[in-house]
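Open the model in your viewer and keep the selection panel at hand. The stops below are meant to be taken in order.

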Amino acid sequence: MTSQAAMNRPGKDSIYATQLEKVDSFVFDHRVAEVFPDMIKRSVPGYPTVIAMTGVLAAEYVQPNSRVYDLGCSLGASSLAAQEGITAPGCEIHAIDNSREMLDQAQQRLSSESARTPVQFICENVLDSEISNASMVILNFTLQFIETTQRLALLKKIRSGLRPGGILILSEKIAFTDSTEESLQIDMHHAFKRANGYNDLEISQKRTALENVLIPETLEQHFQRLENAGFSRADLWFQCFNFVSLIARV
Ligand SMILES: C[S@@+](CC[C@H](N)C(=O)[O-])C[C@H]1O[C@@H](n2cnc3c(N)ncnc32)[C@H](O)[C@@H]1O
């Protein structure tokens, strides 16, 4: 493929490639839904590994006749990985997102009719979701978009909806208390984005759009909140620059 053809390929994220007069706050609308797989793969270091391991963890921890919740499912990548990983019988996946545009595309991508584990697509705010009989809850890069004041209540609800032996996968962009580490990690993240074809204008405009929308917290804050929510332990299983994934256990 020539570089011009690659630039014009369908589904390629070029939302912030032209200079905008005013950069609006980031929203998960139809423009984002159309390019989301390309956007997240080129923006989140380690995203393919986190998704693939979500499937591995589903195979290991999903219990017979239980539910898996994928909160903030976007186009359903984590649900699909879980669906492919689950071996336990009688399970169902609840894929939840409050963006109708994202959920519509998820529904088109995951045909659950012939699948052993069916997926229900639910358009709602995860803060209103009912969680019960769960053996696995997935929060892959979603908690960072929830108001910080609502995060503990959400984790408590997840904890109480999990069965004994159940797990929460929590993947997030994180912040660092040490200001030097914070700026070095951000530099490395931007280097990752440049290596994936984003230019400085795109990086800077996207950063402005995400300000006050994506609120990262430190690892310490995440561990403390998980403990406060009643999880018996939480461990870091993945980190690439300022992106991490934790596994929290009932
Ligand atoms: C970065 S994306 C998540 C990516 C996805 N989990 C994956 O692994 O591909 C964040 C998603 O969370 C959704 N979201 C944000 N806040 C939400 C809320 N309060 N309730 C439901 N969905 C929400 C957004 O619409 C978006 O699709």
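The tour goes from model confidence to the ligand and then to two helix pairs.

Residues are numbered from 1 along each chain as its sequence is written. This is a predicted model, in which local features need pLDDT of at least 70, side-chain atom pairs count only at pLDDT 80 or more, and totals for chains, interfaces and linings use all residues.

Colour the protein chain by pLDDT, the predictor's confidence in each residue, from 0 to 100. The chain has a mean of 94, and 95% of its residues reach 70 or more. Now select residues 1–8, where pLDDT stays under 50 and the model has 2 contacts beyond four places in sequence (a contact means C-beta atoms, placed from the backbone, within 7 Å). Where pLDDT is low, the predicted coordinates should not be read in detail.

Next, select the ligand and the residues near it (C-beta atom, placed from the backbone, within 6 Å). There are 20, and the closest are Phe 28, Gly 72, Asn 98, Ser 99 and Asn 140. The shell comprises 11 nonpolar, 8 polar and 1 charged residues (Ala, Val, Leu, Ile, Met, Phe, Trp, Tyr, Cys and Pro count as nonpolar; Asp, Glu, Lys and Arg as charged; the others, Gly among them, as polar). Helix H4 (77–85) and strand S2 (92–97) each give at least two residues to this shell. Helices (H or I, at least four residues) and strands (E, at least two) are DSSP runs, numbered from the N terminus.

Keep H4 and add helix H3, residues 47–61: the two pack at about 40°, with axes 7 Å apart. Axes are lines fitted to C-alpha atoms, for helices over the stretch in contact, and angles run from 0 to 180 degrees between N-to-C directions. Among the residues that meet are Ile 51 and Val 56 in H3 and Ala 81 and Glu 84 in H4. This contact divides into 8 nonpolar, 4 polar and 1 charged residues.

Finally, select H6 (residues 148–161) and H9 (residues 219–228), whose axes come within 9 Å and cross at roughly 50°. Arg 151, Leu 152 and Leu 155 in H6 meet Arg 225, Leu 226 and Asn 228 in H9.
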